[in-house]
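Visitor: I'm new to this structure, and I'd like a close look at one part of it. Could you take me to the empty space inside and show me what surrounds it?

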Amino acid sequence: MHTRAASWLRHRLGRAVVLSYALALFLPGPGLWLRRPHPLPPPSHLTLHTAPLLLSLVLFSAGLQVPVRALGALLRHPKALLAGLVLHLAIPLAVVPFVAFLLRRTPDTDGGSGLLTAMILVVAMPVAAGATVWTDKGEGDQPTMVGLVLASTLLSPLSTPVLLATLSPLLSGGYAHTLADTGRLAQGGFALTAVVLPCAAGLLGALVLPTRWLGRLVTTVTPSAMAGSLVLTYVNASGALGSVLTRPRPLLFTAALAVAALVCLLSFVLGRVAARLLRLEAATASSLTLACGMNNSSASAVLITASLPDKPHLLLPVLAYGLLQKTAANRIVTRRRPAPTAAGT
């Protein structure tokens, strides 16, 4: 039953995401309530934070489904893995300053620093676990993609604060200080507790659990994680879209979409160019390109919610990037998949 539920939801995931955005636009109340911290009843002194909890569930599920034994060949031939990790750090350092240069030519008084802050928080995140789904759909190099997701995730407590600190001088109007505070939050435990530990727990389960137990756990967790991902999308979108109908800001929406599209396009293009320069096989090149363009936008949205609760408008470009990267990934894998041959030929 759980397998059928997961399959049913996977085939309708695109429409479900659109529905989550629509609900956030027209019915944001429950999502705004879920965004707030909720103290648990006594005698517990704990506080429940819905968004990080849902993110942890998604990443635990991703780690649980890693084909661990297939990673051995990748470690013996690490060219694509090392190239992907270098690009993961280098692309933000190339793309963000270029976008900052363009934004300074706009009439915005702070040079688009708000939009730029959101984009920095996106590109500083590890490779999205969902990239493995698109790799599978496009018949790409799954071990390479899984290795890049895991390696970038495990390195994120170090790489994320470094990227934030390096790019913060590009900001003005107080956003540099804001980004520095966010970097301290990431370094102080967010990346570890909400990103690395859940993924590592899933990976450990994939390594040590007997095949039968692992299969049962996967069939239970996978549909729950997919549903959790949709709820997380709804919660994040509610924070950004909750005031759209009451206080429409068309210029902000247009600018957020334009900036997100530019950063997304440049990231995918640079990944494609690097794959060609390295002369990688088609399947590996596809995985490397996807990894360069697909960052964990859900993690950046949760980080913004946790560290900048008074700036929900920064979620707009993050949400736009999340949609655009999935659209671009779909185009890449659709173009790579071989056309079906006619029967009898």
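Guide: Sure, let's get our bearings first. The protein's secondary structure comes to 15 helices and 2 strands. Keep in mind that this is a predicted model. Of its 345 residues, 48% are buried. Among contacts with a separation of 6 or more, 84% join residues that sit 24 or more positions apart in the sequence. On the outside, the accessible surface is about 17000 Å², and carbon and sulfur atoms account for 68% of that.

Now for the empty space. Rolling a probe the size of a water molecule over the atoms shows where empty space is left. Searching the whole structure this way turns up 2 cavities of 30 Å³ or more. Let's stay with the largest cavity, which has a volume of about 60 Å³.

What lines it? You'll find Leu87, His88, Ile91 and Pro92, then Val123, then Ser267, and finally Ala291, Cys292 and Asn295. Sorted by class, that lining has 6 nonpolar residues, 3 polar ones and no charged ones. Helix 6, which runs over 79-103, and helix 13, over 282-293, each bring at least two residues to the lining. Helix 6 gives the most, with 4 residues.

One name in that lining, Val123, leads us on to helix 7, which spans residues 113-123. All the way along, from Ser113, Gly114 and Leu115 to Val122 and Val123, its residues are buried. That's 11 of 11, so helix 7 is largely enclosed by the rest of the structure.

Back to helix 13, since it also holds Thr289. With a relative accessible area of 2%, Thr289 is buried, because anything under 20% counts that way. And what does it touch? Setting aside neighbours within four places in sequence, Thr289 is in contact with Phe268, Gly271, Arg272, Ala275 and Ile332.

Since we met a cysteine in the lining, Cys292, here's a last word on cysteines. A disulfide is a covalent bond between the sulfur atoms of two cysteines. This structure holds 0 disulfides. Two other cysteines to look for are Cys199, which counts as buried at 4% relative accessibility, and Cys264, which counts as buried at 3%.

Terms used:
Residues numbered from 1 in each chain as written. Predicted model: local features only at pLDDT ≥ 70, side-chain atom pairs only at ≥ 80, totals over all residues. Heavy atoms only, no water. Disulfide = S-S within 2.5 Å. Buried < 20%, exposed > 50% of the residue type's maximum accessible area, 1.4 Å probe, protein only. 1 Å grid on protein atoms, 1.4 Å probe; cavity = no way out; pocket = protein on both sides within 12 Å on 5 of 7 lines; lining within 4 Å. Points joined across faces, edges and corners; volume = space filled by probe spheres on them. Nonpolar A, V, L, I, M, F, W, Y, C, P; charged D, E, K, R; others polar. Contact = heavy atoms within 4.5 Å. Areas by Shrake-Rupley, 256 points an atom, 1.4 Å probe, with all protein chains shown as cover.
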